Amino acid sequence: MLKLFEPEGYKALTAAEKSKICNGCGSKNSISGLFTPSTLYGLSIERSCNIHDWQYSQPYPKTVVEKEAADRIFLNNMNRQIEAASKWLRWLRKRRALKYYFAVKWFGSTAFWDKK
């Protein structure tokens, strides 16, 4: 299995706990969750999105620096998945991954600060 960066707390979650927190790509509590695909030109990036969801959901005090770190981990994990897949669509997938990254960087603050 492809090695992604997974924090220890995420690794320890049961399937039931993951389903309460994680929903793939897009915000769980907004319309974007209904319309944001968890694939990049056929490549599933659901694991990367779920790890990012978990990082945003942590209740202990967070800072903008920690949000930025979670967003960079998200981009890094997507790029790992892209690099491990076929090279034929790599440049298109990397371009789309950057769009996902900038979407959470610029518009993810509401989801990040929710319940903190």
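Which residues does His52 touch, not counting residues up to four places away in sequence? Keep that in mind as you open the viewer, and remember that this is a predicted model.

**Stop 1: His52**

Select His52, which sits in helix H4. With a relative accessible area of 4%, His52 is buried. Now show its surroundings: beyond the residues up to four places away in sequence, His52 touches Ala70, Asp71, Phe74 and Val104.

**Stop 2: the rest of H4**

Extend your selection to residues 46–57, which make up helix H4. This helix has twelve residues, and from its first C-alpha to its last it reaches 16 Å, close to the 16 Å expected at 1.5 Å a residue. Nine of those twelve residues are buried, so H4 is largely enclosed by the rest of the structure. To see them, colour Ser48, Cys49, Asn50, Ile51, His52, Asp53, Trp54, Gln55 and Tyr56.

What covers these buried residues? Among the covering elements are helix H1 (8–11), helix H2 (15–21), H5, H6 and helix H7 (109–113).

Before leaving, pick Gln55, also in helix H4. Is it buried or exposed? Gln55 counts as buried, at 9% relative accessibility. Leaving aside neighbours within four places in sequence, its contacts are Pro7, Lys62, Ala70 and Ile73.

**Stop 3: where H4 meets H5**

Bring in helix H5, residues 64–84. Two packed helices are described by the angle between their axes and the distance between the axes. For H4 and H5, the angle is about 170 degrees and the axes are 9 Å apart. The two helices are therefore roughly antiparallel to each other.

Show the side chains on both sides of the contact:

- From H4, select Arg47, Ser48, Cys49, Ile51, His52, Gln55 and Tyr56.
- From H5, select Lys67, Ala70, Asp71, Ile73, Phe74, Asn77, Met78 and Gln81.

Colour this contact by class and you will find seven nonpolar, five polar and three charged residues.

**Stop 4: along H5**

Now follow H5 on its own. It has 21 residues and reaches 30 Å from first C-alpha to last, close to the 30 Å expected at 1.5 Å a residue. Its buried residues are Lys67, Ala70, Asp71, Ile73, Phe74, Leu75, Asn77, Met78, Gln81 and Ile82. Switch on S1, S2, H4, H6 and H7 to see what the buried residues of H5 pack against.

For a contrast, click on Glu68, which is also in helix H5. Glu68 counts as partly exposed, at 38% relative accessibility. If you would like a distance to try, Glu68 and Arg80 are twelve residues apart in sequence and 18 Å apart in space, C-alpha to C-alpha.

**Stop 5: the nonpolar cores**

Hide the ribbons and look at side chains. The largest nonpolar core has 17 residues, and Leu40, Ile45, Phe74, Met78, Ala97 and Tyr100 touch the most other members. Helix H4, helix H5 and helix H6 (90–107) each supply at least two residues of this core, and the largest share, five residues, comes from H5.

Centre on Ala97 next. Not counting residues up to four places away in sequence, Ala97 touches Leu40, Leu75, Met78 and Ile82. Apart from this core lies another one, of six residues, including Leu4, Leu13, Ile51 and Trp54.

**Stop 6: the loop between S1 and S2**

Move to the loop between strand S1 (39–40) and strand S2 (43–44), where you will find Gly42. Gly42 is exposed, with a relative accessible area of 69%. Draw a line from Gly42 to Arg93: they are 51 residues apart in sequence, yet 9.2 Å apart in space, C-alpha to C-alpha.

Tyr41 is in this loop too. Most residues other than glycine have a negative phi. Tyr41, though not a glycine, has a positive phi of about 50 degrees. With a relative accessible area of 36%, Tyr41 is partly exposed.

**Last stop: Ala16**

Finish in helix H2, at Ala16. Ala16 counts as partly exposed, at 48% relative accessibility. For one more distance, connect the C-alpha atoms of Ala16 and Arg80: these residues are 64 apart along the chain, and the separation is 26 Å.

Technical notes. Residues numbered from 1 in each chain as written. Predicted model: local features only at pLDDT ≥ 70, side-chain atom pairs only at ≥ 80, totals over all residues. Heavy atoms only, no water. Core = buried A, V, L, I, M, F, W, Y, C linked by side-chain atoms within 4.5 Å. Buried < 20%, exposed > 50% of the residue type's maximum accessible area, 1.4 Å probe, protein only. Helix = DSSP H or I, 4+ residues; strand = E, 2+ residues; numbered from the N terminus. Contact = heavy atoms within 4.5 Å. Axes fitted to C-alpha atoms, helices over the stretch in contact; angles between N-to-C directions. Parallel < 35°, antiparallel > 145°, perpendicular 65-115°, else oblique. Nonpolar A, V, L, I, M, F, W, Y, C, P; charged D, E, K, R; others polar. Expected span 1.5 Å × (residues − 1).
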